[in-house]
Amino acid sequence: MSLGLTLPKAELHLHIEGTIEPELVFGLARRNGVELPFATVDDLRRRYVFDDLQSFLDLYYLSMAVLRTAQDFTDLTDAYLARAREQGVRHAEIFFDPQAHVSRGVPLAEVVTGLTESLRTSRERFGISTRLIACFLRDLGPQEALATWETLQPHLEQIDGIGLDSAEVGHPPQLFEPVFTRARDAGLHVVAHAGEEGPPEYVWQAIDVLGVERVDHGIRSVEDAALLKRLADDRTPLTVCPLSNVRLRCVPELSQHPLPRLLDAGVLVTINSDDPSYFGGYVGENFTALQEALKLDDSVLRQFAADSFRASFLPEAERDALIAEIE
Ligand code: HPA
Ligand SMILES: [Zn+2]
């Protein structure tokens, strides 16, 4: 097996709802009596061609309508962890979208209970330690985010951090300062998607106004030399998702990915899968596709793997032990 698949690694940018494979969409639709607007698994898979972030999000929100019970969320998470283990994942910091479920009438407790039922034994069953990050849907606005923050309060024991995702352009990070300040004050980790389709200014706002510890995507930072220097000086990690960037047409093809320019500027970069069911590969496959397209040395893949643990929210001793396994 190739190094990209076998290297021990942390996955830090992974939407659990984006791991639902078409077969599971159909299986859960049957179990829950949900009508789907697709006839077959192949029919659904054929729709996995996107023009931009929004065209993907439309299908992403449509397909997740089959997730209704705690058991559905447990099964979904177990399926991801089984796949991730095969790709060398030893630690995963997993996003979920509370508002995307509550707005469909699924109680938040059902979602969190289902996810944590899987995650609490992930280390024993799959050899993968985990964290859970609740993301706010930025296109629903800052007031909805604050209201969602209130509904998360009974579940904070199970939630390690907050994030910001969904349609980026027109929904700048600075609007979400109040909810991010509350989450930081509550001792949660904070991250945000910025600079995927949005301009470098959104990345500045994510670090300066929201105080994020990592930037999700952040690839448009290459358009701003001062921003690159700031990210490099502060060692603020970017969670880059190469196959996602190509599938959502943020980057024309993998061989033209801005990642080498990020590395040249000294930015700490990690490699992740984002929504692997939709984008043609899990995290190990992102490593191998990138190595092939950019002709990267094995030493660069080892650096990505080590940096994935450095950029994680694991305690230092655990990070160091995992980094020591990379050879
Ligand atoms: O790549 C993404 N960007 C923004 N929101 C998302 N929600 C799932 N995947 C994504
Ligand atoms: Zn994402």
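I count two strands as paired when DSSP finds at least two bridges between them. I am working on a predicted model.

**Entry 1: β2 and its partners**

I started with Ala-92, which stands opposite Thr-130 in β3. Strand β3 covers residues 129-137 and is joined to β2 by six bridges, in the parallel sense. I then looked at the other partner. β1 and β2 share five bridges, also parallel. In that pairing Ala-10 stands opposite His-91 of β2. Is β2 mostly covered or exposed? I found eight of its eight residues buried.

**Entry 2: the whole sheet**

I traced the strand order next. The sheet is open, has eight strands, and reads β1-β2-β3-β4-β5-β6-β7-β8 with parallel pairing. Which strands stand at the edges? They are β1 (9-15) and β8 (269-271); each has a single partner strand, so one side of each lacks a neighbour in the sheet. From one strand to the next, the twist averages 25°.

I checked the β8 end. Strand β7 (residues 238-240) runs parallel to β8 and is joined to it by three bridges. Thr-239 stands opposite Thr-270 there. I also noted helix α17 (residues 298-310), which packs on the sheet and touches β1, β2 (89-96) and β8. The direction of α17 makes about 105° with that of β8.

**Entry 3: the nonpolar core**

I looked up the largest nonpolar core and got 90 residues. Which residues have the most contacts inside it? Phe-96 and Ala-206 do. I listed the contacts of Phe-96, leaving out residues up to four places away in sequence. Phe-96 touches Ile-16, Glu-17, Val-111, Leu-115, Leu-132, Ala-134 and Cys-135.

**Entry 4: ligand 1**

I pulled the shell around ligand 1. Among its residues are His-15, Gly-18, Leu-53, Tyr-60, Asp-165 and Ser-166. The shell also includes His-193, Glu-196, Ser-244, Asp-274 and Asp-275. How does the shell divide by type? I have two nonpolar, five polar and four charged residues.

**Entry 5: Val-209**

Last, I turned to a loop. Val-209 lies between α11 (200-208) and β6 (214-217). Why does Val-209 count as partly exposed? It has 17 C-beta neighbours inside 10 Å, and a residue needs 20 or more to be buried, while 12 or fewer makes it exposed. Beyond its neighbours within four places in sequence, Val-209 is in contact with Pro-173, Gln-174 and Glu-177. I also took a distance: the C-alpha atoms of Val-209 and Pro-178 are separated by 9.8 Å. Those two residues are 31 apart along the chain.

Conventions. Residues are numbered from 1 along each chain as its sequence is written. Chains are lettered from A and ligands numbered from 1 in the order in which they are written. This is a predicted model: local features need pLDDT of at least 70, side-chain atom pairs count only at pLDDT 80 or more; totals for chains, interfaces and linings use all residues. A residue is near a molecule or strand if its C-beta atom, placed from the backbone, lies within 6 Å of it. Ala, Val, Leu, Ile, Met, Phe, Trp, Tyr, Cys and Pro count as nonpolar, Asp, Glu, Lys and Arg as charged, and the others, Gly among them, as polar. A nonpolar core is a set of buried Ala, Val, Leu, Ile, Met, Phe, Trp, Tyr and Cys residues joined through C-beta atoms within 7 Å. Two residues are in contact if their C-beta atoms, placed from the backbone, lie within 7 Å. Helices (H or I, at least four residues) and strands (E, at least two) are DSSP runs, numbered from the N terminus. Axes are lines fitted to C-alpha atoms, for helices over the stretch in contact, and angles run from 0 to 180 degrees between N-to-C directions.
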